Each structure stands twice: as structure tokens, then as C-alpha cells.
Amino acid sequence: AAGAIDSTNIIDLGVDDGIPTSAGGGGARDIGTGDNPALELLVQAATAFVGGTNVTVALQGAPDNGSGLPGSYTTMWTSSAIVTANLEQGQQLANVTVPLPVPGQVLPRFLKMVYTTVGDFTAGTVTAAIVLDRFDQVRGTDGQLSGYPAGLTVAN
């Protein structure tokens, strides 16, 4: 399906016994955004993409709506359009530090990913996670680490 697709999972940063309670609009955990080391957003292709033209990835956050459910979501970060013709299993769609709330945004209790696709995809899945560290070795256009062609030996 083309268009905006919400992730199937939402992270709830609520604190059950927080003061104020999560349902009162507070209680969202501080996940250390801006700390060193900071938490990282990792989004990668779990299976190769087939068809379609491109995909854009966004992280959104929402406060508690007063009933323990997400309120209105605010986009906190958006990728550029990623051409999917060569997007293979394991390649990253996002590799950024978890962003601070945008100016005026209430501290989010809930976080989700939104994938906006252009074109008709017949295959392709994504895995997204918040991690402490990720493997960020650069790959060349041929998929090889650091852009070295396969079989190249570097003399030391």
C-alpha cells in the first residue's frame, strides 16, 4: 500500500507509579536523549524491497491523552526520501540519535515510526529499534563494507 503507514508497535515510556501519573499527562520516562552516550534510532530493511519508488521514515511522539492512550502525535524527525530500487536486507533507512522533542512539544510518552511510501511495493519489511549502539560501517554502492570491491586485499 502506498502512503503513510504507522509502525505496528508503539513504545510506551509511561511510568506506572510516576508522579504525576501517566494518565495525568506526566510520568514519561527520561530515556537520556542528549546524553553521552545517547540512545540511537536504528531502522533497517529486514527483507529486500521489491517494487515502489521510495520511502520516507519519520519518528513521532505523543503525550498521554489523559486516559493512558496516545494523544496527538508530533513528528520529531524525518528522513529524506530513500530510493528503494537497491534497498536490500540489512541496509539502514535511519541511523540518527533519538531526537529531543521539537520546540513546543509536550514530553512524549509514546513513540512510533511512520513509513511513507511512493509506488506499489510487492515485498519488503522494516525493523526499527532504539539501541545504545549500532553498526555504522559505511557500505559502497556494491554493498561492500567501506566501498572496497569484493576480493580486494589491502597490504599492511
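**Exercise 1. Work out the strand order of the open sheet of three strands, and say which strands sit at its edges.**

Solution. Start with the order: in this predicted model, the three strands of the open sheet line up as β7-β3-β9, and their pairing is antiparallel. Next, look for strands that pair on one side only: these are β7 (92-97) and β9 (121-131), so they are the edge strands, each pairing on one side only. Then check the twist, which averages 10° from one strand to the next.

Now zoom in on β3 and β7. Strand β3 covers residues 40-51, and five bridges join it to β7. The two run antiparallel. For a landmark, find L41: it stands opposite V96 in β7.

**Exercise 2. Find the aromatic pair and decide how its rings are arranged: stacked, tilted or edge-to-face.**

Solution. Remember what you need to look at: a pair of aromatic rings is described by the distance of the centres and the angle of the planes. The count comes to one aromatic pair, and its partners are F49 and F121. Their centres are 5.6 Å apart, with 85° between the planes. Planes over 60 degrees apart count as edge-to-face, so that's the label for F49 and F121.

Where do the two rings come from? F49 lies in strand β3 and F121 in strand β9, so the pair ties together parts that are 72 residues apart in sequence. Both F49 and F121 are buried.

**Exercise 3. Trace what K112 does with its neighbours D6 and Y73.**

Solution. Take D6 to begin with. D6 and K112 form a salt bridge, with the closest N and O atoms 2.9 Å apart. D6 is in strand β1 (residues 3-6) and K112 in strand β8 (residues 110-118), so this links distant parts of the chain, 106 residues apart. Now compare surroundings: D6 is partly exposed at 43% relative accessible area, while K112 counts as buried at 10%. Finally, turn to Y73: K112 lies over the face of its ring, at 4.1 Å from the ring centre.

**Exercise 4. Which residues do salt bridges that share partners join into one network?**

Solution. There are three salt bridges in total. Go to R109, in the loop between β7 and β8. R109 meets D12 of strand β2 at 2.6 Å, N to O. R109 also meets D64 at 2.4 Å, N to O. D64 lies in the loop between β4 (54-62) and β5 (74-78), so this second bridge ties together parts 45 residues apart in sequence. Put them together and you get one network of D12, D64 and R109. As for exposure, R109 is buried at 10%, D64 is buried at 9%, and D12 is partly exposed at 34%.

Definitions and conventions:
Residues numbered from 1 in each chain as written. Predicted model: local features only at pLDDT ≥ 70, side-chain atom pairs only at ≥ 80, totals over all residues. Heavy atoms only, no water. Helix = DSSP H or I, 4+ residues; strand = E, 2+ residues; numbered from the N terminus. Axes fitted to C-alpha atoms, helices over the stretch in contact; angles between N-to-C directions. Phe/Tyr/Trp six-rings, centres within 6.5 Å; stacked < 30°, edge-to-face > 60°. Buried < 20%, exposed > 50% of the residue type's maximum accessible area, 1.4 Å probe, protein only. Lys NZ or Arg CZ within 6 Å of the ring centre and 35° of its normal. Salt bridge = Lys/Arg side-chain N within 4 Å of Asp/Glu carboxyl O.
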